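Got the model open in your viewer? Here is a walk through it, one selection at a time.

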Amino acid sequence: MNLSLLAETPIIAFTIILAVIFTVPPIFERLKLPGLVGLLIAGVVLGQNGLKLLDSESDTIKLLSDIGKIYLMFVAGLEIDLEQFRKTKNRSIGFGTLTFLVPLIAGIAAGRLFNFGWNASVLIGSLLASHTLLAYPIVSRLGVVTNEAVTVTIGATIFTDTGALLVLAICVGIHGGEFSAISLATLLGGLAIYSVVVLFGFDWVGKQFFRRTGDEQSNQFLFILLALFLAAVGAQVIGVEKIVGAFLAGLAVNDVLGRSPVKEKVEFIGSVLFIPCFFVDMGLLIDIPAFIKTLSSIWLTLVIVVALIGSKFIAAFLAKLLYRYNTAEMLTMWSLSLPQVAATLAATLVAYQSVNPAGERLISEGVLNSVIVLMLVTAILGPIITARFATALQVSESDVATDKLTTWWDDSQEQLTEDKTEPFTIVVPIYNPQTQRFLIEMAALISRHESGRIVPLAITKAHIQMDDPQLVTALEQSKQRLNLTKEISQEFDVEVSPAIRIDDDAALGISRTSREQNASLVVMGWSRTTGLRARLFGSVIDSVFWSSHCPVAVTRLLSSPTTIQRILVPVGDLTRQTIGAIRFAQILADVNQAEVVLLHVSDRKTPPNLVDRFAAQLSDIAAKSKLQVNTNIQTIRGDDVARVIIHEAEKFDLAVLRSVRYRTAGGLAVSHVTTQVLRELKCSIVLLGEPGY
């Protein structure tokens, strides 16, 4: 078959795109380059200037790219933490205004310098005015998200993206034909009404729907998708570009979804399929001869890049003067607002594809190519600067008092002191006979230390008929497993209250039981087994993490927890979750008279005074425990955090880790460090997750 015919076959084109998405990003990430760069290059190689296997004009590519473009802006709306925005609303609006207007003016000046019309120049300015929180995972890992400068920058995103999309809508409308003051007023009026309907109407309907459907995640997922595409279609109906509707839909359902499992699924499907399709299509649009020509006359690209970097710096500097931030906070605000990915690329593609009746594009191919270079430069530069300067940020004393040193375990103890009728309760789901004994031993040790009780729980899959022979057999097997847990618990002299639950969903059965029993902790097990069963059980763990009301400890115990003598706790930040991991380790150590080592792997570039200060804070946290436990601080400098942790863990019996998840422009990501460590550690492991994580 001719290669050109391959590009016209929808199934083959889709298969090629899936193969690219599956193979290319991991290769580039191993080279320490963003995966999206690989997708762009793959688009160039497979496009009309390369192997001609994909055609950007084909219906398949157009559909997938359109969905990806809409999804990208939808996720950008979901990314914005509305709670943080409300806390620093005034300052977020202030910095948002600065980091929108200064780049807008710089972009207009750049456009006029190269003889673009006023409409195209304003559009170029709007492309520079937004920003993508590409470096959010870095500030999250460093534990400085609660620093005011960071929360203000995050909150400013809602203002910059909304403003940029509004300018885009107006510029596209002007470019499309006759445009008067009346038509502008009509567009703005329609957009205002439409925005109110989407933001408040979708929010209200969504909350009502979720309240009525309860745990029906499939219907909730479909509802969110329907809301997204209804908003996109509605935007087109009133004459506004559909990515505006997608962004507003993201803001509208943001509050509805919260931290539910549905949110993860919505972001997951976008990040692994549709958004990568958009980046591949961007690569298909790159005309290599025109791109080389643009770079040979590098002045346009250089001016746009310098205008963006300089104007974002000026905006951050003005915010420093206005709100009296220090230099580290100013540089962090600058670096966080540098990356131009989500809104910038989506708006650029819309502007490039906007053609007036005379056949003229709103922006030239040179601007398109310059924006792609801008995206590559800022996507690499922004996170590097953030990693360098965010380490110097400080968290206010009030934040430390409320969010850092007040841990879930301390909260539980305080609650027990106030109400003696509620014992410390540990729910232990029982499923795998191979891990059952060590699991019960772990729960019994903690329960005995806290003068509490354990609730061994067997979940039995529901059947339509309650007298089904298979259900009867399953219930008998559950009783046998629970009888064994009673025997083990008696060895430790702890109160045990076995429970059997019939449920369609194992994860929700665990979460519901822990809520009914007012549990303080859920202790689960998992093994090194692979295959379908392991993947299914992994999904159960994920769901329990999301839905549980209390902390969850997932364990892989290679020996009896009574033999544990050395416990390692890797510490990368001072967040509430990290302190919970330290307290958990100290309680286990107190039971066995063991040693706890808090391991901090610092970047080689981190100033020694900051490393010493972090170690002093760790020492202070360890000392605040009411337990007399031998807790030592170890600091190692290294670039590969996971490799250092794996090497150091060889000397320990147990490693206590925490589940780290974060949102990115492309959806949900999981800490690469945690993933690698879990895969390669040879000692026993406890992975702690807080409610909603």
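Start at Lys 479: with a relative accessibility of 42%, this residue counts as partly exposed. Keep in mind as you go that this is a predicted model. Now add Glu 476 to the selection, since Lys 479 makes a salt bridge with Glu 476, and their closest N and O atoms are 3.9 Å apart. Both sit in helix α22 (residues 469-491), and because they are three residues apart there, about one helical turn separates them. Glu 476 is partly exposed too, at 41% relative accessible area.

**More salt bridges**

How many salt bridges does the count come to? The count is 13, so there are others to visit.

Go to helix α21 (residues 433-449) and pick Glu 441 and Arg 437, which are four residues apart and so about one helical turn from each other. Their salt bridge has its closest N and O atoms 3.1 Å apart. Is Glu 441 buried or exposed? Glu 441 counts as buried, with 5% relative accessibility, while Arg 437, at 35%, counts as partly exposed.

Next, select Lys 651 and Glu 648, a salt bridge whose closest N and O atoms are 3.2 Å apart. Lys 651 is partly exposed with a relative accessible area of 47%, and Glu 648 counts as buried at 7% relative accessibility. Then show Arg 501, Asp 503, Arg 512 and Glu 516 as sticks: salt bridges with shared partners join these four into one network.

**The whole chain**

Zoom out for a moment. The chain holds 28 helices and 13 strands, and 55% of its 693 residues count as buried. Take the contacts between residues at least 6 apart in sequence: 81% of them join residues at least 24 apart. Switch on the surface and you are looking at about 29800 Å² of accessible area, 60% of which belongs to carbon and sulfur atoms.

**Into the core**

Which residues touch the most other members of the largest nonpolar core? Select Leu 54, Tyr 71, Met 73, Phe 74 and Ile 224, out of the 130 residues in that core. Colour helix α13 (residues 261-285) as well, as this helix gives the most to the core, with 12 residues.

Centre on Ile 224 and show its surroundings. Leaving aside residues up to four places away in sequence, Ile 224 touches Phe 74, Phe 210, Val 253, Leu 257, Val 262 and Val 266. There is also a second, separate core, made of 43 residues, with Val 494, Phe 584, Ala 594 and Ile 621 among them.

**Rings**

The aromatic pairs come to nine. Begin with Tyr 71 and Phe 274: their ring centres are 5.7 Å apart and their planes meet at 25 degrees, so this pair is stacked. Tyr 71 is in helix α4 (residues 59-79) and Phe 274 in helix α13, so the pair links distant parts of the chain, 203 residues apart. Tyr 71 and Phe 274 are both buried. Add Phe 74 and you have a cluster, as ring pairs link Tyr 71, Phe 74 and Phe 274.

Move on to Phe 209 and Phe 223, another stacked pair because the ring centres are 4.7 Å apart with the planes at 15 degrees. Phe 209 belongs to helix α10 (residues 181-213) and Phe 223 to helix α11 (residues 217-237), 14 residues apart. Phe 209 is partly exposed, at 25% relative accessible area; Phe 223 is buried, at 16%.

**Loops and a patch**

Find Thr 132 in the loop between α7 (118-129) and α8 (136-142). Despite the loop address, Thr 132 counts as buried, at 4% relative accessibility. Draw a C-alpha to C-alpha distance to Ala 342: the two are 6.0 Å apart in space and 210 residues apart in sequence.

Two loop residues are worth a backbone check. Most residues other than glycine have a negative phi. Asn 518, between α23 (506-516) and β5 (521-525), has a positive phi near 50 degrees, and counts as partly exposed at 22% relative accessibility. Gln 593 sits in the loop between α25 (576-592) and β8 (595-602); its phi is also positive, near 55 degrees, and Gln 593 is exposed at 65%.

Finish on the surface with Ile 27, Leu 31, Leu 33, Ile 380 and Ile 384, a nonpolar patch with about 450 Å² of accessible area together. Among them, Leu 31 lies in the loop between α2 (10-30) and α3 (35-46) and is exposed, with a relative accessible area of 56%.

Technical notes. Residues numbered from 1 in each chain as written. Predicted model: local features only at pLDDT ≥ 70, side-chain atom pairs only at ≥ 80, totals over all residues. Heavy atoms only, no water. Patch = residues over 30% accessible without salt bridge, like charges linked within 9 Å, V, L, I, M, F, W, Y side chains within 5 Å. Areas by Shrake-Rupley, 256 points an atom, 1.4 Å probe, with all protein chains shown as cover. Salt bridge = Lys/Arg side-chain N within 4 Å of Asp/Glu carboxyl O. Buried < 20%, exposed > 50% of the residue type's maximum accessible area, 1.4 Å probe, protein only. Core = buried A, V, L, I, M, F, W, Y, C linked by side-chain atoms within 4.5 Å. Contact = heavy atoms within 4.5 Å. Phe/Tyr/Trp six-rings, centres within 6.5 Å; stacked < 30°, edge-to-face > 60°.
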